[in-house]
Amino acid sequence: MGAAGLAAAGSSIGRSVYYQFYEGCNSPWINQDPDALKASLNSEWSETVYGQDLALKVIRNMLISHVKRISAGKPKKALVLSFHGGIGTGKTFVGKLLAKVLYLKGEHSTFVHRLHLVDMLSNVKTATEKRIIIKNKINSIVQSCNRPLIIFEEIDKLEEGVIDVLFPYLDEYHRVGDVDYRNVIFIFSSNVGAREISHETCAQFNKTKYIGDFDAEQFYSIVRQASYNEQLHQRRASSDSSSHGSGFTSAKLIKHCLISSFVPFLPLQMENVLQCIETNLNERNDIKKLIEKNRDLKLQFLNLLIPKISRIRPPGCNKTFSVQGCKRISAIIDMEVDSFFYPVKD
């Protein structure tokens, strides 16, 4: 082997050793096996996410198709998922779950970026400046690794038109500048469409008992329209004809169908909230042991908690939902757990 060959071999070995200890933009740090990814996603979802089988079906299909195209060397465009639903329905949690199944270091990976837009842009005054900051941030992220997970929180709190700065990165361009964005996964998260999702959930439950039988395309259309027309809802709510839109209002990203899918997070039924309570209690080892010794304790504690959970049954709906999903479950348990399981004796 000549000097050039030795140098190349040495370089290859050096990279191999480096990536054993330092996170790299490749396997094993990034899960690139579609079958393994699907199995991991199904397992994690079944154990930790409740009442969101429709979201699982949509996310799983889109994610696996995206990874398969990348594995085949034929990426089409960035995967863009927009999570919509009310408070406590699991949008933030599912973002963390996707990071867990995609990256060896999960949400702590250097390739997972959760952008809280309100905080990130709090001191920026003009829409033009905000566009520049977002654009520069995305460029910087993808230049370091072209397979990141980028999560935009509170997209609904962004001014109308700002998010369209992402247009070239989400379209089917092979390169923007000298960077390929087609392997990127973008997630947008907001509460926009929660009311419409709740109404449609009731309508679907009047047709079938099973969430797995819900019409995903119907939810897609409803949430897409709600997002694009958010300005109309704001005007009706504020009685202010000058009210500006937000986030996706009249966005080119929606108009030109660059959002791969609008993912509905359904309002949670009480049976789902009880699952959240169960998970929370199981995470408290001391309480778990007490319950295992005396099963009646668990039932008594549930009877204490349930009245403290705000519920609503929309007009014409045959289901009752938790107003805040599982958002406050941990806090409600914290307030009651010590006095119930460890009462102070007089």
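## A parallel sheet, its salt bridges and two pockets

Strands β1 (residues 79–85) and β5 run parallel and are joined by five bridges. One of the residues to look up here is His84, whose bridge partner in β5 is Pro264. Keep in mind as you read that this is a predicted model.

**The sheet**

Now zoom out from that one pair. The sheet is an open one made of five strands, and their order is β2-β3-β4-β1-β5. The pairing throughout is parallel. Which strands stand at the edges? They are β2 (112–116) and β5 (261–265), and each has a single partner strand, so one side of each is left without a neighbour in the sheet. On average, neighbouring strands of this sheet are turned by 20 degrees against each other, if you ignore direction.

Let's walk in from the β2 edge. β2 pairs with β3 in the parallel sense, over five bridges. If you want to find that contact on screen, look for Arg114, whose bridge partner in β3 is Ile151. On to the next strand: β3 and β4 also run parallel, and four bridges join them. Here Phe152 has Phe188 in β4 as its bridge partner.

β3 deserves a second look. How many of its five residues are buried? The count is five of the five, so β3 is largely enclosed by the rest of the structure. There's a neat pattern in how the side chains are arranged, too. In a regular strand, side chains alternate between the two faces of the sheet. In β3, Leu149, Ile151 and Glu153 point one way, while Ile150 and Phe152 point the other way. All of these residues are buried, whichever way they point.

**Salt bridges**

Next, the charged side chains. A search of the whole structure turns up eight salt bridges. Here are three of them, with the distance between the closest N and O atoms.

| Salt bridge | N to O distance |
|---|---|
| Glu159 and Lys130 | 2.4 Å |
| Arg182 and Asp180 | 2.8 Å |
| Arg195 and Glu196 | 3.5 Å |

Start with Glu159 and Lys130, a pair that links distant parts of the chain, 29 residues apart. Glu159 sits in the loop between β3 (149–153) and α7 (167–170), and Lys130 is in helix α6 (residues 127–144). Are these two buried or exposed? They don't match: Glu159 has a relative accessible area of 30%, so it is partly exposed, whereas Lys130, at 8%, counts as buried.

With Arg182 and Asp180, both partners are buried. Arg195 and Glu196 give you a mixed pair again. Arg195 reaches 48% relative accessibility and counts as partly exposed, but Glu196 has 16% and is buried, because buried means under 20%.

**A contact across the sequence**

Helix α7 is also the place to find Phe167. This residue has a relative accessibility of 15%, so it counts as buried. What lies 85 residues away from Phe167 in sequence, but 7.3 Å away in space, C-alpha to C-alpha? That residue is Lys252.

**The pockets**

Finally, the open spaces. The largest pocket has a volume of about 870 Å³, and 30 residues line it. Nearest its centre you'll find Gly88, Gly90, Phe93, Cys326 and Lys327. Four elements give two or more residues to this lining: α4 (91–102), β4 (185–190), α12 (270–282) and α15 (329–341). The largest share comes from α4, with five residues. So what is the lining made of? It divides into nine nonpolar, 13 polar and eight charged residues.

The second largest pocket holds about 340 Å³ of space. Its lining has 18 residues, and those nearest the centre are Gly86, Ala194, Ser198, Pro267 and Val323. The elements that give two or more residues here are α8 (194–205) and β7 (321–322). Which of them gives the most? That's α8, with five residues. By type, this lining splits into nine nonpolar, eight polar and one charged.

Conventions:
Residues are numbered from 1 along each chain as its sequence is written. This is a predicted model: local features need pLDDT of at least 70, side-chain atom pairs count only at pLDDT 80 or more; totals for chains, interfaces and linings use all residues. Side-chain values use heavy atoms; hydrogens and water are left out. A salt bridge is a side-chain nitrogen of Lys or Arg within 4 Å of a carboxyl oxygen of Asp or Glu. Buried means under 20% relative accessible area, exposed over 50%, partly exposed in between (1.4 Å probe, protein chains only). On a 1 Å grid over the protein atoms alone, a cavity is a set of points where a 1.4 Å probe fits but cannot get out, and a pocket is an open set with protein on both sides within 12 Å along at least five of seven lines; lining residues have an atom within 4 Å of a point. Grid points are joined across faces, edges and corners, and a volume is the space filled by probe spheres set on the points. Ala, Val, Leu, Ile, Met, Phe, Trp, Tyr, Cys and Pro count as nonpolar, Asp, Glu, Lys and Arg as charged, and the others, Gly among them, as polar. Two strands pair if DSSP finds at least two bridges between them. Axes are lines fitted to C-alpha atoms, for helices over the stretch in contact, and angles run from 0 to 180 degrees between N-to-C directions.
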